[in-house]
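User: Hi! Could you walk me through this protein, a question at a time?

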Amino acid sequence: MEYIVHRIRLRDIAERERFESWVRDVDYATCPQLPSVRTFSVQRVSVEPDAPVHYFEIIGVTDRQAFEADMGRDAFHALEAEFGKMAEVVDEIAGERIDPGYVAG
């Protein structure tokens, strides 16, 4: 599995509640329409207006090529359009997990 991490900055910190609601109600709910996405979560970093980063997201995908194909879907374009009104990706890193990883049982 490959993981993609985006650091995110809101365009206007006053939109924080709107952004978080959209993440919970729309962003997470759209994931089943993107077959390559296996895990997805958004984490709050700071609510300070001048912070360089307000959130980061971790996207676990089957592989990068499959995710790039999913990025061509209408569902992804709809997410991208709404996200772009509220926030911007500051940077991206990606890598392949060294299996099996660890999850507490």
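User: Which exposed residues does the face of H3 turned away from its buried side carry?

Analyst: Happy to help! This is a predicted model, where local features need pLDDT of at least 70, side-chain atom pairs count only at pLDDT 80 or more, and totals for chains, interfaces and linings use all residues. Residues are numbered from 1 along each chain as its sequence is written, and side-chain values use heavy atoms, leaving out hydrogens and water. Helices (DSSP runs of H or I, at least four residues) and strands (E, at least two) are numbered from the N terminus, while buried means under 20% relative accessible area, exposed over 50% and partly exposed in between, with a 1.4 Å probe and protein chains only. On the face of H3 turned away from its buried side, the exposed residues are Asp74 and Lys85.

User: Why are the buried residues of H3 on the same side?

Analyst: The buried residues in H3 are Ala75, Phe76, Leu79, Phe83 and Met86. They sit on the same side of H3 because the arc they cover around the axis is only 90°. That arc is taken from the directions from the helix axis to the C-beta atoms, and its value is 90°.

User: What covers the buried residues of H3?

Analyst: Contact here means heavy atoms within 4.5 Å. The cover includes two helices, H1 (16-30) and H2 (64-70), along with strands E1 (2-10) and E4 (87-96).

User: Which element gives the most to the largest nonpolar core?

Analyst: A nonpolar core is a set of buried Ala, Val, Leu, Ile, Met, Phe, Trp, Tyr and Cys residues joined through side-chain atoms within 4.5 Å. The largest one has 20 residues, and Phe19, Trp22, Val37, Ile59 and Phe67 touch the most other members. At least two residues each come from E1, H1, E2 (37-44), E3 (55-61) and H3. With four residues, the element that gives the most is H3.

User: Leaving out residues up to four places away in sequence, what does Ile59 touch?

Analyst: Ile59 is one of the core residues that touch the most other members. Its partners by that count are Glu2, Tyr3, Ile4, His6, Val37, Thr39, Phe40 and Phe67.

User: What pattern does the protein follow along the sequence?

Analyst: Its secondary structure comes to three helices and four strands. Read along the sequence, they follow β-α-β-β-α-α-β.

User: How much of the protein do buried residues make up?

Analyst: The count runs over the 105 residues in the protein. Buried residues make up 32%.
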